[in-house]
2 protein chains.
Amino acid sequence: MAGRRGAVLSIESTSVQDYVKAIYAFTEWQDAAVTASRLAARLSVANSSVTGMVAKLVDLGLAEHRKYGPISLTTSGRALALAMVRRHRLIETFLVTELGYGWDEVHDEAEQLEHTVSDAFVARLDAKLGRPPRDPHGDPIPAADGSVAYPPAYRLDGVDDGHAGRLVRVSDEDPGVLRFLDRHGIGLDAHLLVRHGAGSPVELLLGPSAPALPVDAALTRALWIGGSVPHEGCTLRNPL
Amino acid sequence: MAGRRGAVLSIESTSVQDYVKAIYAFTEWQDAAVTASRLAARLSVANSSVTGMVAKLVDLGLAEHRKYGPISLTTSGRALALAMVRRHRLIETFLVTELGYGWDEVHDEAEQLEHTVSDAFVARLDAKLGRPPRDPHGDPIPAADGSVAYPPAYRLDGVDDGHAGRLVRVSDEDPGVLRFLDRHGIGLDAHLLVRHGAGSPVELLLGPSAPALPVDAALTRALWIGGSVPHEGCTLRNPL
DNA sequence: GCGGTTTTTGAGGCACACCTAAAGATAAGG
DNA sequence: CCTTATCTTTAGGTGTGCCTCAAAAACCGC
C-alpha cells in the first residue's frame, strides 16, 4: 500500500521540506482547505508537479491525500513542518538580533539556511538567543517539542472601523511592506487605531497627534493586530 | 576553445566549490602537485569523476589542466577557493565562540553551511566576530580581499628532537585528534617541547613538572608548531 | 621499447524535480 | 440529469549534476 513506487526521497530533501512547510503555512493563519492548485500557485510549480510530490509525501508518511481531495499533514508531517518553521524563525531572529540584518532582509537567507543547519545548531542557537517566543515579524517560534502559542490576532482587512490594538505580526513575504513600516516608524507592538473612511482606504492612526496614514489593500492583508478594543472618540487608550 | 561542452555548471555548485577547495587545500600546507588520483582519493570519488569535473572547472575558468598533467587553479579559481576557506573558517569560529561548540564538532557543520550562506552573511559575521585572524584550529582566515597571512609553522613529524614552540595549528580533519588534545589540556598556543626517544614515539613535554606525553604518528602529522627553538636541558623557556 | 601505473574516454545510470499535453473526476447550473 | 467549466491526475519526457565501470591511451622508469 504505502511505498508503491521507489520512494527513495527522504525527509531531508529540501523540496519535501518546502512542500510540507507550504502545506502547513496554509492553515497557520487561516482556515482553508489546501488544494493542489493552491499549493502549486504558492510554490510556483505546475499542478502536476504537486500531484507527484504529494504522492511522495504520502509515501513518506508526511501527508494524507485522497484522489481529488484536499491535502493535509499527518502527525509526523506536522512535526516536520513545525521543525522547519522553528528553524526558519530562529534563524531570522538570529540574523536580526545578532548580525544586524533588517527585518526585510532575512527571509531569503533563512529560507536557505533552514535546510542546512543541524538539529544541534538549532538547539544551541535557541539557547544563545534566550529561547525567543517570536521572530522579528511577530510569528511565534514553535518550541523544540513542537508546541506553539499563537497570540490572538486579526488581519487588518477583517477589522472594523474604530478598533485599536497593537501590531502583533507582519507577514514577511513582501519586503516592501516591511520597508513601508520602517519608513513610518512602525514596529512590532506599535499601537494602532483603525479608521475606515467612507469608501476610502483604511487609515491607521499612530497616536493622538500623528496624521492618519492611509494603507493600501496589500498592507491590510499583511498586518495583524491584537488586543483590539473599540475606540471612543479618537483618543488612543492602552488597548492591552 | 573554452566552453566546448554544455558548461551550464556555475560557480555556485557545491561540487565545484568542493573541488576547488580540495585543489587549494593540497598546496596550503605542503608543496605537492595535485594529480587527478590524489584529488579522487581526497574527495572519495572515482578517478574518472575527477577528470570530468576538472574539465568543467577549466570551462569555468577556475582551473588549468593539460592532459595527463597536474591540476592547478587559475587566479579566479584561487579567489573562489579562498572565499570558501574564509567562509568555512569564519563559520567554525562562530560555532565555537558564539554557540559553544567544541572544536572537534564544527567541521562537518561548517562544511554544509559554507555552501549556503550569502556573501552578506559572511561579511556581517566577520564584523560580528571582530575580524578574527584565525579559526579555532589555528588556520588563518583569508581576508575579504583574499589575502592570507600564514604563520610560520612546522609539522611535528618534521621537527627535530629538542625543539620547543607553541602549538600553531591542528588539522581539523580528525576529531579524535582534537579530543585527545582536550583530554590532555592542550589548546592552541600551548607551549610544547619535542623529545624523540631513541626509536620510541615522539614525546611532548608540556611543562617543567608535567610528565612526558607520548604521541602516535597520526598526531605528529596533525600538529604544527611555530616559534621553534632548540632547548637546553629540559627547561621550557619562553620560545616566542 | 616494455610493463606497470595513471589518466582519459565513452557509454551509461541514477536521483531529483520539473514540464506539457491529454485524459479523468468533480461540482455547479440549467 | 446532463452539460460545462474547472480542477486534478496520468503519461511521457526533459534537464541537471554527479557518479560508475570498462576500455583505450598516454606516461614514466628501467
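These legends describe close-up views of a predicted model that holds protein chains and DNA strands.

**View 1. Residues around DNA strand C.** The surface near DNA strand C is built from 20 residues, and those that come nearest are S13(A), A46(A), S49(A), S37(B) and H65(B). Of the atoms of DNA strand C within 4 Å of the protein, 74% belong to sugar and phosphate. By class, nine of the surface residues are nonpolar, ten are polar and one is charged.

**View 2. Polar contacts to the phosphates of DNA strand C.** From chain A, S13(A) places a polar side-chain atom 2.6 Å from a phosphate oxygen of the strand. From chain B, a polar side-chain atom of S37(B) is 2.7 Å from a phosphate oxygen of DNA strand C. Y68(B) takes part through its backbone, with a polar backbone atom 3.2 Å from a phosphate oxygen of DNA strand C. Two or more residues of the surface near this strand come from each of α1 (14-28) and α3 (47-59) of chain A, and from each of α2 (36-43) and α3 (47-59) of chain B.

**View 3. Residues around DNA strand D.** Here 20 residues surround the strand, and S37(A), H65(A), S13(B), S15(B) and S49(B) come nearest. Sugar or phosphate supplies 77% of the atoms of DNA strand D within 4 Å of the protein, and bases supply the rest. The surface near DNA strand D has nine nonpolar residues, ten polar residues and one charged residue.

**View 4. Polar contacts to DNA strand D from chain B.** A phosphate oxygen of DNA strand D lies 2.7 Å from a polar side-chain atom of S13(B). A polar backbone atom of A46(B) is 2.9 Å from a phosphate oxygen of this strand. S48(B) reaches a base: one of its polar side-chain atoms is 2.7 Å from a base nitrogen of DNA strand D. The elements that give two or more residues to the surface near DNA strand D are α2 (36-43) and α3 of chain A, with α1 (14-28) and α3 of chain B.

**View 5. Helix α3 of chain A.** α3(A) has 13 residues, which at 1.5 Å a residue should span 18 Å; the end C-alpha atoms are 19 Å apart, so the two values agree. Its buried residues are V50(A), M53(A), V54(A), A55(A), L57(A) and D59(A). These buried residues pack against α1, α2, β1 (63-65) and β2 (71-73) of chain A. After the helix comes G61(A), which has a positive phi near 75°.

**View 6. Q17(A) in helix α1.** Q17(A) belongs to helix α1 of chain A. Its relative accessibility is 6%, and Q17(A) therefore counts as buried. Leaving aside residues up to four places away in sequence, Q17(A) touches I11(A), E12(A), M84(A) and H115(A).

**View 7. The largest nonpolar core.** This core has 30 residues, and the members that touch the most others are F121(A) and F121(B). Two or more core residues come from each of α4 (75-97), α5 (106-113) and α6 (119-128) of chain A, and likewise from α4, α5 (106-113) and α6 (119-128) of chain B. Not counting residues up to four places away in sequence, F121(A) touches F94(B), L95(B), L99(B), Y101(B), E109(B) and L113(B).

**View 8. A79(B) in helix α4.** A79(B) is part of helix α4 (residues 75-97) of chain B. With a relative accessible area of 45%, A79(B) is partly exposed. A79(B) and V20(B) are 59 residues apart along the chain, and their C-alpha atoms are separated by 9.7 Å.

**View 9. Two residues of chain A with positive phi.** Most residues other than glycine have a negative phi. Y68(A) is not a glycine, yet its phi is positive, about 65°. Y68(A) sits in the loop between β1 and β2 of chain A, and its relative accessibility of 85% makes it exposed. D189(A), also a residue other than glycine, has a positive phi near 75°. The loop between α7 (175-183) and β5 (191-196) of chain A holds D189(A), which is partly exposed at a relative accessible area of 31%.

**View 10. Chain A as a whole.** Chain A contains eight helices and eight strands. Of its 240 residues, 45% are buried. Among contacts in chain A between residues at least 6 apart in sequence, 64% join residues at least 24 apart.

Definitions and conventions:
Residues are numbered from 1 along each chain as its sequence is written. Chains are lettered from A and ligands numbered from 1 in the order in which they are written. This is a predicted model: local features need pLDDT of at least 70, side-chain atom pairs count only at pLDDT 80 or more; totals for chains, interfaces and linings use all residues. Side-chain values use heavy atoms; hydrogens and water are left out. A residue is near a molecule or strand if one of its heavy atoms lies within 4 Å of it. A polar contact is a pair of N or O atoms within 3.5 Å; within protein, one must be able to donate a hydrogen and the other to accept it, and residues adjacent in sequence count only if both atoms are side-chain atoms. Helices (H or I, at least four residues) and strands (E, at least two) are DSSP runs, numbered from the N terminus. Ala, Val, Leu, Ile, Met, Phe, Trp, Tyr, Cys and Pro count as nonpolar, Asp, Glu, Lys and Arg as charged, and the others, Gly among them, as polar. Buried means under 20% relative accessible area, exposed over 50%, partly exposed in between (1.4 Å probe, protein chains only). A nonpolar core is a set of buried Ala, Val, Leu, Ile, Met, Phe, Trp, Tyr and Cys residues joined through side-chain atoms within 4.5 Å. Contact means heavy atoms within 4.5 Å. The expected span of a helix is 1.5 Å times one less than its number of residues.
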